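Please open the structure in your viewer and keep the sequence panel at hand. The tour below proceeds by selection, with a short description at each stop.

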Amino acid sequence: MRRKILTTAIGVVLAAAILIVAVSMVELSGKQTEIWKNGEKDSLTTIGFSQVGAESDWRSANSISMKRTFTPERGYDLIFEDAKQKQSDQIKAIRKFIQQEVDYIVFSPVVESGWDTVLEEAKRAEIPVIIIDRKVAVKDSSLYAAWIGSNFYLEGQKACKVMKAYVDEQQIPEVNIVNIQGTLGATSQIGRTNALEDAAQKYGWNLLEQESGEYTEAKAYEVMSKMLLEHDDINFVYCENDNEAFGAIDAIRDAGKTVGPGGDIQIISFDATREGLRRTLHREILINGECNPWHGEYVEKVIHMLETNELWQKEMYVPEETFYSMPEDMQIMLGGKEYTVQTVTESIVQKREY
Ligand code: AHR
C-alpha cells in the first residue's frame, strides 16, 4: 500500500515537472510570445528589428541601444537581424518578421528607395512599422506608423555655419574642400551632402570632389589617398562620419601632410563618438556634429503611444549638439533659431558612452 502511494506521488511530481518545462518553453509562433514566470503566464511584446549592419561605431551603439531597451525583463522579445549593408537582406528579414507575426517591425533602412512592396505586405498583415535613423521614400506614408531619427540636413548646416565662422576668423582666402560621403542614397548621406553643397554655393567654396567612403574607415582611407593625389590644394575635408574622419586623417598623415588648426587640412566630421570627440579635443578634427544613436528608448515610447492611441506626431527628431575644437563656445543662428556650439573638454569626452 505504502509503495503504491509513493509511486503515485512520484508520478504526480514528474507530471508536474514535465508540465512546467513544457509551458516554460518560449513559443514563437503566436502573435505574442508566451512565457511563464513563477507559474503565471506572461506575455512579451515581440519586436522584429532589421539593423543596417555594423559599418561604424555609431551603428554598434545604435544596436546596443535597441538590445538593452527590448529585453525580456522589460517585457520584450527582440528578434535582431543584421542586414550586412544589403537592402535585399532587410527585405528578407521584414518578410520573415511578417511570417512570425511579430507585434512590431522596426528597421533602419540602408537607403531611402525600394520599400513600397514589402511595407505594403506588412500593412496587409496589420503589423505596425517603426522606422529609425534613415528614412524611406514611399508613395504612401501610411505604410509606416512612425519615424525616429536625426535632422541630418540641420547637422550639416550647423557644421558648415561653424566652418564659415572659422574661415572668416582665420582669414582663409580660398576654401578647397573635398567631401567623403556616406552610403549613397542613405538619408544621412543625402542630408549632410546637401547641406555642404548649399553652403559651398552660398559662400563660394570650391567643392573639388565628392565620393562615397561608405561610412567606413578603410574605404575613407582609400578615397582620401586618391583625392590627395589628384588635388594638391585641399584645405578642408568634409567626412560624413567619424570612422571616415579617422581613415581620412591616416591618409593625410601618410601623404606627409598635417591636420588641424595651424596644419594643412581641417577635418569636419559627424557622430561625435568618444574617439571622435577625443580627436576634436586634440584638434585633429575641427568640427564634430553629433548624431544621436540612442533610439531604443524613443522606439519604446512610440510603442506605448501607439498602444494607447496617443501618437500625435509621426516623425520625431532626437536631440543633438555640435562640437568645436576651438577654445570658446560659440552661438550660431539658423532659420531664426540660436544654437550653442560647444568647445570639447576632457569631461565631455569621458562622459561619452561610446
Ligand atoms: O545614418 C546614420 C549614419 O550611419 C551615422 O552617421 C554613421 O556613422 C552610420 O553608419
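**Starting point: Thr280**

Select Thr280 and display its surroundings: leaving aside residues up to four places away in sequence, Thr280 touches Ile285, Leu286, Asn288, Tyr324, Ser325 and Val344. The model is a predicted one. Thr280 belongs to helix α9, which spans residues 274-281. With a relative accessible area of 0%, Thr280 counts as buried, because the cut-off for that class is under 20%.

**Next: strand β10**

Now select residues 266-271, strand β10; six of its six residues are buried, so the strand is largely enclosed by the rest of the structure. Display the side chains: Gln266, Ile268 and Phe270 point one way, whereas Ile267, Ser269 and Asp271 point the other way, and all are buried.

**Towards β9**

Add residues 236-239, strand β9, which pairs with β10 in the parallel sense over three bridges. To locate the pairing, select Val237, whose bridge partner in β10 is Ile267. The chain passes from β9 to β10 by way of helix α8 (residues 242-254), and this β-α-β crossover is right-handed.

**Towards β11**

Then add residues 287-290, strand β11: β10 and β11 pair in the parallel sense over four bridges. Here, select Ile268 of β10, which stands opposite Ile287 in β11.

**Return to α9**

Finally, show β10, α9 and β11 together; they make a right-handed β-α-β unit. The helix of this unit, α9, is the one in which Thr280 lies, and among the contacts of Thr280 is Asn288.

Methods:
Residues are numbered from 1 along each chain as its sequence is written. This is a predicted model: local features need pLDDT of at least 70, side-chain atom pairs count only at pLDDT 80 or more; totals for chains, interfaces and linings use all residues. Side-chain values use heavy atoms; hydrogens and water are left out. Helices (H or I, at least four residues) and strands (E, at least two) are DSSP runs, numbered from the N terminus. Buried means under 20% relative accessible area, exposed over 50%, partly exposed in between (1.4 Å probe, protein chains only). Contact means heavy atoms within 4.5 Å. Two strands pair if DSSP finds at least two bridges between them. A crossover is right-handed if, with the strands pointing away from the viewer, the path from the first strand over the helix to the second runs clockwise.
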